[in-house]
Amino acid sequence: MSEVSEGEGGYVLRNHISLIAKYILVIAVFAAIFFVNLLDVLWENLFKASVVFILLLGACVFPMYFWWKKTTFTFGDTEILRVTDTVFRSVKHIQYTRLASVSVKRDIIDRIFGTSTLTFNVNSSVNATSAEATLVLKRDVADELRNRLNSMIFEKEMTVEEDREVETLIKVTNSDVIMHAVFAQPTYMSIFGLIMLFYSVVMLFVGNSGGFITAAILFAISEIIPFISIILKYYNYRVYRVGDTITIEGGLITTTRSSFRVNKISSVRMRSPLMARALGMTALEVEVVGLSDGDDGNKPVLCPLKKREDAEALLADLLPELYFEPTPEYQPRRALIPMMVADSLYTVVIVGVFVAIFILAESTVAGLGSTWSMLVTASEVAAAIGLPVLLFARSGLAQRNRTVDMGRDSFMFVYGGYDVSTEYVNYDKVQFVALTSSPLQRRFDTARCSVQLMSSVGFRSIESGLFDPDDLARISDEIMDRIRDGRYDYRKYV
């Protein structure tokens, strides 16, 4: 049950009792794992162990029930008032004008009890990876409340039912979601997963069960688990815009619907990992202050991996305020020299570290047989050749890809080597701009521009490639000019 009443100051709600059921489930799972591990010891005293288990569960549940009973949410004309009147009284004021988004989630427990979970995210980096407040309600009550919030926060007069009927701006099939799960990971994560897979096969071949299990677990963590979680998260994906509000939704087991206003967006990014770029595909991600994509703190995805032309068309339709047709300025050729010199220094240091590791490995496996010695020797050769090639190839790709351009309301950085990102940044969302240049970079009249802005996971820094310092200085000049001539107006972003 969830208690609903009209109280002094507004509309008063309390979390649905199923919130305690979620809490009990988590405790029961961890307690069961603990007791199972001690089953051999406890089996002879099973009755006493069961009593202890129940008492511990009750001791954990009672404080949760007390917290649930003493926590209320009052929805007034201008703010949400969250009051927890337990041993330590807590009063939290959440102004509607400060909300970046209101998300709706439905997991298995929600489906069983017919509830929805509302999460409220404010326009702040302090709580970037967690919601400012969470409220579990019966689904019809949650829908009614969302209708009220749409009109107060997002200036949307549509009901939830009408909102669900809005056509998605791009069709994302479940095949697209699978492609995103396979190719959207950063290249270094994919390489690490492949190394762990190779290592697990080798350990299985030589009969080392401990090494096989360790490598298999690391492979599952780096490849299998992300693959499954992405499919579960973006199944039946939809994205649409109504007025100044963008909504993204999807999910198989746990469904999520997040809405945020355009004026809360700091930047939008087209991200193309190496394999995805080889297939001509890119994903769209957005930086919304105070909004991360679920509990993992990831950036919200506007579009899973699609053909680049489709993603650009979606970006132009969805966010014309930030997108512009670029006429990019490419990184000058002279910038390649300091990059290659830096790579040479990195190569000396990294190869030196690997040589020390392999010397230690050779002495360790000396008495284990020819298979191990051959494996270490092959690894030495692969590292000596592969690491320099990877470093210098990254600089070569970066030299070809890095660009910069300036539009009316945003500027664009293209950065990265193997994984390339094209990011459109709102001038008015930049916290500060810094130009840095090493002695060698100054010798070739180049500099790097570092831009810091508030993001989905707190503060974030974006770095350009190496360009002429005067060209990069135009970005900070444009930001200051917007403040001086009145084009920047903070009232647009509250």
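These are my notes on one helix, the nonpolar cores and the cysteines of a predicted model.

**Entry 1, helix α11.** I looked up helix α11, which spans residues 308–318. I asked which of its residues are buried. They are Ala 311, Leu 314, Leu 315 and Leu 318. These four lie on the same side of α11, because they cover an arc of only 100° around the axis. The spacing fits a general rule: an α-helix has 3.6 residues a turn, so residues three or four places apart point the same way. I then checked the other side of α11 and found Glu 309 and Asp 317 exposed there.

**Entry 2, what lies over the helix.** I looked for what covers the buried residues of α11. The cover includes strands β9 (238–242), β10 (245–250) and β12 (265–272). It also includes β13 (281–288), β14 (301–307) and β18 (420–426).

**Entry 3, the cores.** The largest nonpolar core has 33 residues, and I noted that Ile 246 and Leu 302 touch the most other members. Helix α11 gives this core its largest share, four residues. I listed the contacts of Ile 246, leaving aside neighbours within four places in sequence. Among them are Val 239, Tyr 240, Phe 260, Val 262, Ile 265, Leu 302, Leu 318 and Leu 319. The list also holds Arg 241, Ser 258 and Ser 259. Another core, of 20 residues, lies apart from the largest one, and its members include Phe 75, Ile 94, Leu 135 and Leu 137.

**Entry 4, cysteines.** How many disulfides does the structure hold? I found zero. Cys 303 counts as buried because its relative accessibility is 0%. Cys 449 is also buried, with a relative accessible area of 0%.

Notes:
Residues are numbered from 1 along each chain as its sequence is written. This is a predicted model: local features need pLDDT of at least 70, side-chain atom pairs count only at pLDDT 80 or more; totals for chains, interfaces and linings use all residues. Side-chain values use heavy atoms; hydrogens and water are left out. Buried means under 20% relative accessible area, exposed over 50%, partly exposed in between (1.4 Å probe, protein chains only). The arc is that of the directions from the helix axis to the C-beta atoms. Contact means heavy atoms within 4.5 Å. A nonpolar core is a set of buried Ala, Val, Leu, Ile, Met, Phe, Trp, Tyr and Cys residues joined through side-chain atoms within 4.5 Å. A disulfide is a pair of cysteine sulfur atoms within 2.5 Å.
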